[in-house]
Amino acid sequence: EIGQTRVYVPQKQDVGRILKLECTPISQNGLYTGKLASVESAEVMPAPRLPPVRSLIEVPQPPNSFDPRGPKATFKVMSYNCLADIYATPQVYPYTPSWALAWNYRKRNILREILSYKSDILALQEVQSDHYKEFLEPELRAAGYEGVHKQKTRESMGQDGKMDGCAILYKKSKFVLVEKHALEFNHVAMSRAKQFKSDKALQCLLKDNVALVLVLEMVQQGQQVGPSGRVCVATTHIYQNQGFPNVKIWQVMTLVRELEKFTVPRQLPLVLTGDLNSQQDSAVYEFLQRNQVQGNHAELQDDTQGILDSAELRHGLQLRDSYAFMGKDFYTNFTANFVGVLDYLWHTADRLRVTRILEQVDNETLTAFTALPSPQYSSDHIALMAEFELMPPRG
């Protein structure tokens, strides 16, 4: 016998052994006992090695980039697609050990990884509603975070709480929440139904994706610093199907145009994060980086539904890819079937400057168990994090 407690954490000496739990029900008055029941575990395995520590690396600054505007505050933003449990199946990830796909294992691993980065703001995608409520939110609150979760708009999985969504959390010691907004792409599409020439366009756009937008205000020495210390943080998870680039660009265009109307008149610096399900040669990336998309872009040619017929594919935000200096020699999604960049941290350049970013995970670690998810990294995506310098507004 190794214990009589309700909870037992396997020890090193248990590795290689099978644990047996026996339980005898006893009446409340202690006079009667029921039939003994028992269950045996699988063989206890040694805990996987922790992944190597990921360091923050300096981002080279262009010549004469120093801005003389007053003292500057810094903060870190992390973006991470956590891989919702409803999508973490052996059919999709046959190379991942079954025990490493189980949510009871993955949830602790994901939490450990998130906390290890010590980010001030967490922007998370594929956060299952029930898991946010029952595990992530309480655990992160205990670690000093508060936040907001926005579920996708339709429970297509059939069970209450089993739908994923986006969440943004922030360190209470560093920020206070000023505003929160949610954008439901379904609602926007339906409100603009008359703009489309056919019902096919509207039906094609009803994909349940959402975006979450918070305005946070910095806290220094326990006091809010005022409007000059506010930053807008947005996160989204764009439609996944690679056969519908027109839906992707419409969703991103819709979000960016709304963010432009929201932030520019107030001189609000913006950090836009998320899983955009678009690579660096996509129309989405060109739109964000160059403020518009060339009409001859290959992804714009396949719009048989007419989704983009009346779309104005341009914006006025000064967006910069926080990981741009890494070039194309890195990745944010690493599976047996796909390796590439799908996740991004964009920021507006007027009042934000990226100073450091979280380094790439080395290839040896990523391939130690074929691909992701693995016993070390419990999502098929790789977390991004950037440290920003916030400058006072002009004028």
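This is a chat about pockets, cavities and two buried asparagines in a predicted model.

Trainee: What volume does the largest pocket have?

Mentor: About 1600 Å³ of space lies in it. The lining of the largest pocket counts 39 residues, and Y8, V9, P10, L19 and S41 are the closest to its centre.

Trainee: Which helices or strands supply at least two residues of that lining?

Mentor: Three elements do: β1 (18-23), β2 (37-43) and α2 (103-116).

Trainee: And which one gives the largest share?

Mentor: That is α2, with six residues in the lining of the largest pocket.

Trainee: How do the residues of the lining divide into nonpolar, polar and charged?

Mentor: For the largest pocket, 21 are nonpolar, eight are polar and 10 are charged.

Trainee: Next one down. What is the volume of the second largest pocket?

Mentor: The second largest pocket has about 590 Å³. It is lined by 25 residues, and those closest to its centre are E126, H237, Q240, D275 and N277.

Trainee: How does that lining divide?

Mentor: In the second largest pocket, nine lining residues are nonpolar, 10 are polar and six are charged.

Trainee: Changing topic to cavities. How many are there of 30 Å³ or more?

Mentor: The count is two. The largest cavity holds about 50 Å³ of space, and the second largest has a volume of about 30 Å³.

Trainee: Which residues line the largest cavity?

Mentor: Its lining is made of C82, L83, A84, D85, W103, E126, V127, Q128, H131 and L136. Two elements, β5 (121-128) and α3 (129-142), give two or more residues each. The largest share, three residues, is from β5.

Trainee: E126 came up before, didn't it? Where was that?

Mentor: E126 is among the residues closest to the centre of the second largest pocket, and E126 also lines the largest cavity.

Trainee: How do the residues lining the largest cavity divide?

Mentor: Six are nonpolar, two are polar and two are charged.

Trainee: And what lines the second largest cavity?

Mentor: The residues there are R54, Y323, M326, F330, Y331, L358, E359, Q360, I382, A383 and L384. Eight of them are nonpolar, one is polar and two are charged.

Trainee: Now the asparagines. Where does N209 sit?

Mentor: N209 is in the loop between α5 (199-205) and β9 (210-220).

Trainee: Is N209 buried or exposed, and why?

Mentor: N209 counts as buried because its relative accessibility is 4%, and the cut-off for buried is under 20%.

Trainee: What does N209 touch?

Mentor: Beyond its neighbours within four places in sequence, N209 is in contact with K152, L183, E184, F185, H237, I238, Y239 and Q251. With H237 there is a polar detail: a polar atom of the N209 side chain lies 2.8 Å from the backbone oxygen of H237. H237 is also among the residues closest to the centre of the second largest pocket.

Trainee: And N186, where is that?

Mentor: N186 lies in helix α4, which covers residues 185-191.

Trainee: Buried or exposed?

Mentor: N186 is buried, because its relative accessible area is 10%.

Trainee: Which residues farther along the sequence does N186 contact?

Mentor: Leaving aside neighbours within four places in sequence, the contacts of N186 are T153, L205, L206, K207 and D208.

Notes:
Residues are numbered from 1 along each chain as its sequence is written. This is a predicted model: local features need pLDDT of at least 70, side-chain atom pairs count only at pLDDT 80 or more; totals for chains, interfaces and linings use all residues. Side-chain values use heavy atoms; hydrogens and water are left out. Helices (H or I, at least four residues) and strands (E, at least two) are DSSP runs, numbered from the N terminus. Buried means under 20% relative accessible area, exposed over 50%, partly exposed in between (1.4 Å probe, protein chains only). Contact means heavy atoms within 4.5 Å. On a 1 Å grid over the protein atoms alone, a cavity is a set of points where a 1.4 Å probe fits but cannot get out, and a pocket is an open set with protein on both sides within 12 Å along at least five of seven lines; lining residues have an atom within 4 Å of a point. Grid points are joined across faces, edges and corners, and a volume is the space filled by probe spheres set on the points. Ala, Val, Leu, Ile, Met, Phe, Trp, Tyr, Cys and Pro count as nonpolar, Asp, Glu, Lys and Arg as charged, and the others, Gly among them, as polar. A polar contact is a pair of N or O atoms within 3.5 Å; within protein, one must be able to donate a hydrogen and the other to accept it, and residues adjacent in sequence count only if both atoms are side-chain atoms.
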